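User: I am in my first year and would like a close look at one part of this model, taken slowly and in full sentences. Please start from a single residue and work outwards from there.

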Amino acid sequence: MKINRRMVLAGMGAAALAQTPLRAFAMTSAQIGGYEFISVSDGNLVLPRSFFFEGLPQDALAEALAPFDLPQDQLEPPCNLTLLRNDERVILFDAGAGPAFMPSAGSLLDSLDAAGVVPEAVTDVVFTHGHPDHLWGVLDDFDDLVFPNARYHMGQVEWDYWRDPATVDRIGPARAAFAVGAARRLEAIEDRVSHFADGDEVLPGITAQASFGHTPGHMSFLLGAGGDALLIGGDAIGNHHLAFARPGWASGSDQDPEQGARTRQRLLDRLAQEQIWLMGFHLPQGGLGRVERRGDGYRFLGAAQ
């Protein structure tokens, strides 16, 4: 797979150009499985270190994190969405955070503009899961659909979980707003959504891969074959440091930490053994890279390395 990284400028619209400088994006693109692949940014999250590392053994944690130059106060993981397109389809994996989640995120439309894609051209939106930074971008400030001509696709298990009225009471107070926000947005698309299960071909050449744990029905997606195969991993492998160095450790970002750890270990083992490309939503360098074994753990090698 030939990787291309280039700097592009996002247009801001004629009315804004006179007063607002253009934004520059580092865009990663490639050809794979009959599609053009493009990594598009939705900005980044801003999270305290405790979100990732609270409750872990501190001495072992310090050893695992020593090779990484991580800030001591807060982390700012990127948000990388996958865009696939060919002559028939323009497919977006997840919808970004939209305007209502976090000020540092929600820049997806600028990135799509930089890629030459208008929202009306998107034919399909495929969800890995229903967390805010992946789902809330389906609606704009006026609660209108951002991608008005798209069909939407979500795994049946994930759909049922977020549409269950009991979820808001069971998910815990820290994530209750996630459940309320997801239910409202899924209701807005329910007349144009398709559901699928593990192993189903969601769209031509794109196969669903169950990767439960981060959420009850989290899905990843496989396309291509052999050394050019690509796994769109969503948040199943949620960062470039501890998730690789200590994949068996429970992560506070996962709704089921034990199942999330088992899923992470299984995926990393397969990615390293079969040398499948990985596209990770919160991984650096646009999210695209390879997985390499390192001692008892693994290492993420960005496409530029």
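Is Tyr152 buried or exposed, and at what relative accessibility?

Analyst: The model you are looking at is predicted, and in that model Tyr152 has a relative accessibility of 0%. Buried means under 20% relative accessible area, so Tyr152 counts as buried.

Tyr152 has a partner, since its ring forms an aromatic pair with that of Phe127, and this pair is stacked, with 6.2 Å from centre to centre and 10 degrees between the planes. The two residues belong to distant parts of the chain, 25 residues apart: Phe127 is in the loop between strand 8 (124–126) and helix 5 (132–135), while Tyr152 is in strand 9 (residues 151–155). Phe127 has a relative accessibility of 1%, and therefore it counts as buried too. The structure holds nine aromatic pairs, and another of them can be set beside this one. In Phe196 and Phe221 the ring centres are 5.7 Å apart and the planes stand at 70 degrees, so that pair is edge-to-face. It likewise links distant parts of the chain, with Phe196 in strand 10 (residues 193–196) and Phe221 in strand 13 (residues 219–223), 25 residues apart. Phe196 is buried, because its relative accessibility is 6%, and Phe221 is buried at 0%.

Returning to the starting point, Phe127 and Tyr152 are also among the residues that touch the most other members of the largest nonpolar core, which has 51 residues; the others named with them are Val40, Phe53, Leu83, Leu92 and Phe147. Helix 8 (residues 176–189) gives this core its largest share, five residues. A second core, separate from the one just described, has 23 residues, including Val202, Leu223, Leu230 and Met279.

Val40 shows what such a position looks like from the inside: once neighbours within four places in sequence are set aside, the residues in contact with Val40 include Met27, Cys79, Leu81 and Leu108, and also Leu83 and Leu92, two residues that were named above with Val40 in the largest core. Phe53, another residue from that list, forms one aromatic cluster with Phe51 and Phe52.

Helix 8 deserves a second glance, and Phe178 is found in this helix. Leaving out neighbours within four places in sequence, Phe178 is in contact with Phe101, His131, Pro132, Trp136 and Trp162. Its C-alpha atom is separated by 8.2 Å from that of Gly130, although the two residues are 48 apart along the chain.

Burial can also be followed along a helix, and helix 3 (residues 58–65) offers an example, with Leu61, Ala64 and Leu65 buried. Seen down the axis of helix 3, the buried residues fall within an arc of 90 degrees, so they line one face of the helix. A general rule helps here: an α-helix has 3.6 residues a turn, so residues three or four places apart point the same way. The face of helix 3 turned away from the buried side carries Asp59 and Glu63, which are exposed. Among the elements that cover the buried residues of helix 3 are helix 2 (49–53) and helix 9 (242–245).

Finally, a loop can hold a buried residue as well: His282, in the loop between strand 15 (277–280) and strand 16 (288–294), counts as buried because its relative accessibility is 9%. A polar atom of the His282 side chain lies 2.8 Å from the backbone oxygen of Pro78.

Key: Residues are numbered from 1 along each chain as its sequence is written. This is a predicted model: local features need pLDDT of at least 70, side-chain atom pairs count only at pLDDT 80 or more; totals for chains, interfaces and linings use all residues. Side-chain values use heavy atoms; hydrogens and water are left out. A nonpolar core is a set of buried Ala, Val, Leu, Ile, Met, Phe, Trp, Tyr and Cys residues joined through side-chain atoms within 4.5 Å. Buried means under 20% relative accessible area, exposed over 50%, partly exposed in between (1.4 Å probe, protein chains only). Helices (H or I, at least four residues) and strands (E, at least two) are DSSP runs, numbered from the N terminus. Contact means heavy atoms within 4.5 Å. Rings of Phe, Tyr and Trp (its six-membered ring) pair if their centres lie within 6.5 Å; planes under 30 degrees apart count as stacked, over 60 as edge-to-face and the rest as tilted. The arc is that of the directions from the helix axis to the C-beta atoms. A polar contact is a pair of N or O atoms within 3.5 Å; within protein, one must be able to donate a hydrogen and the other to accept it, and residues adjacent in sequence count only if both atoms are side-chain atoms.
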